[in-house]
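Subject: A structure to look at

Hello,

I am handing over a structure that you have not met before, and I hope you enjoy exploring it. Have a look below first, and then read on for what was found.

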Number of protein chains: 2
Amino acid sequence: MQQQISIITLGVADLARSKRFYGEGFGWSPAFENEEILFFQMNGLVLGCFLKPSLEADMGRPLLAAAGAYSLAHNVQSEAAVLAVMDRLVQAGGRVVRPADAPFHGGFRGYVADPDDHAWEIAFNPAWTIDAQGHVTFGI
Amino acid sequence: MQQQISIITLGVADLARSKRFYGEGFGWSPAFENEEILFFQMNGLVLGCFLKPSLEADMGRPLLAAAGAYSLAHNVQSEAAVLAVMDRLVQAGGRVVRPADAPFHGGFRGYVADPDDHAWEIAFNPAWTIDAQGHVTFGI
C-alpha cells in the first residue's frame, strides 16, 4: 500500500474561529467550506476542520477529549521564522504551549495550541528538506 | 506561508506494537527508528510514532488523553479495498471503531483505532485524486 495519509481532520467548535486562526495565523486559504467543515488543500494531503459533534458522529465516538496525544508540525526555514509564525498564530487566537527553544536533537521549535487545543509544533530542522510544493523529506 | 504540514506525531506506548500495526497492517516501512521514535516517510510529510511520555515532555503537556478529537484518513481506490485494509489493520492489532458503510456525502468508509487508540478512517472517495507519489487532491 502507498505510504500515504489523505486527510487530517480536526474536531473544532467554531468554524469562523478556526478559519481566522488558519487564515490569519498561517495564511492558508480553504479549498472548500460549508456550515460544518473547512477543507484546506495541503502538501499532498488535505486538512479538515470539522465541527466536533459531526466528527464524533461520523466516527461513532462521542465526547472525545479536545487535545489528544499527538501533534502536528509546520516546519519553516529559520529560527527567526519559528518566532514570527508563533507570534502570528497567537495574534490569530492561538496559545503558546511551549515557548521556542532548542531541543537536544538539534534545530529550534515551540508549540502553539489552536483555538480548539490541537497542538502545532513550529520548527526549524535544517536536516529535513521542503521542496517548492511543500513536500517534506525526512533527513538526519 | 506554504500550506504545508511537515509531521504528524502520534504518542504511543510500545514502539514494537506500533511497528507491527503500521508495518503489517498498512505495509509501511520506517525510514528511521531508535529506542523512542519511529519515522515513516509519507506522501510529502512524515509520520512519527513517539513514546507518549517523550512526546508529552517535548510538548510540555503531561498526561494527554490517548485519543483526541481528530482522525487521520488513508484513502484507497475501491470499496473492496476499504474492507481489505480494515481486515489487515485488525489482524495487525487494530480495533474497528465503526464498520465500513456509505456516508450521506458519498463514498465508503470505516474507522479503525490503532493500538494506542488513534483513529484512522479508511475511505474510498472517487472525487479525490491520488497520484503515483500518493499526493492527494481535494475534489467535489
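A term to begin with: two strands count as paired if DSSP finds at least two bridges between them. Please also keep in mind that this is a predicted model.

With that in hand, start at strand S2 of chain A, residues 32–33. S2(A) pairs with S3(A) in the antiparallel sense, over two bridges. Three residues link S2(A) to S3(A) in a hairpin, and Glu33(A) sits opposite Leu38(A) of S3(A).

Strand S3(A), residues 37–41, has two faces: Leu38(A) and Phe40(A) are on the covered one, while Ile37(A), Phe39(A) and Gln41(A) are on the uncovered one. On to the next strand: S3(A) also pairs with S4(A), residues 46–51, again antiparallel, this time over five bridges. Here Ile37(A) has Phe50(A) as its bridge partner, and Phe39(A) stands opposite Gly48(A). Four residues lie between S3(A) and S4(A) in their hairpin, and Gly44(A) in the turn has a positive phi of about 90°.

Now for the wider sheet. These strands belong to an open sheet of eight strands with mixed pairing, in the order S2(A)-S3(A)-S4(A)-S1(A)-S5(B)-S8(B)-S7(B)-S6(B). S2(A) and S6(B), residues 95–101, are at the edges with a single partner strand each, so one side of each has no neighbour in the sheet. Helix H1(A), residues 15–25, packs on the sheet and touches S1, S3 and S4 of chain A; its direction makes about 20° with that of S3(A). From chain B, helix H3(B), residues 79–91, packs on the sheet too, touching S5, S6, S7 and S8 of chain B, at about 10° to the direction of S7(B).

Which residues touch the most other members of the largest nonpolar core? They are Leu45(A) and Leu45(B), in a core of 80 residues. Beyond its neighbours within four places in sequence, Leu45(A) has contacts in both chains, including Ile5(A), Ile7(A) and Ile8(A) as well as Ile5(B), Leu45(B) and Val136(B).

Finally, chain A as a whole. Its secondary structure comes to three helices and ten strands, and 46% of its 140 residues count as buried. The C-alpha trace spans about 40 × 40 × 25 Å along its principal axes. The radius of gyration of chain A is 15 Å, which agrees with the value near 14 Å for a compact globule of 140 residues.

Best wishes

How values were computed. Residues numbered from 1 in each chain as written. Chains lettered and ligands numbered in written order. Predicted model: local features only at pLDDT ≥ 70, side-chain atom pairs only at ≥ 80, totals over all residues. Core = buried A, V, L, I, M, F, W, Y, C linked by C-beta atoms within 7 Å. Buried ≥ 20, exposed ≤ 12 C-beta atoms within 10 Å, placed from the backbone. Contact = placed C-beta atoms within 7 Å. Rg over C-alpha atoms; globule rule 2.2 N^0.38 Å. Axes fitted to C-alpha atoms, helices over the stretch in contact; angles between N-to-C directions.
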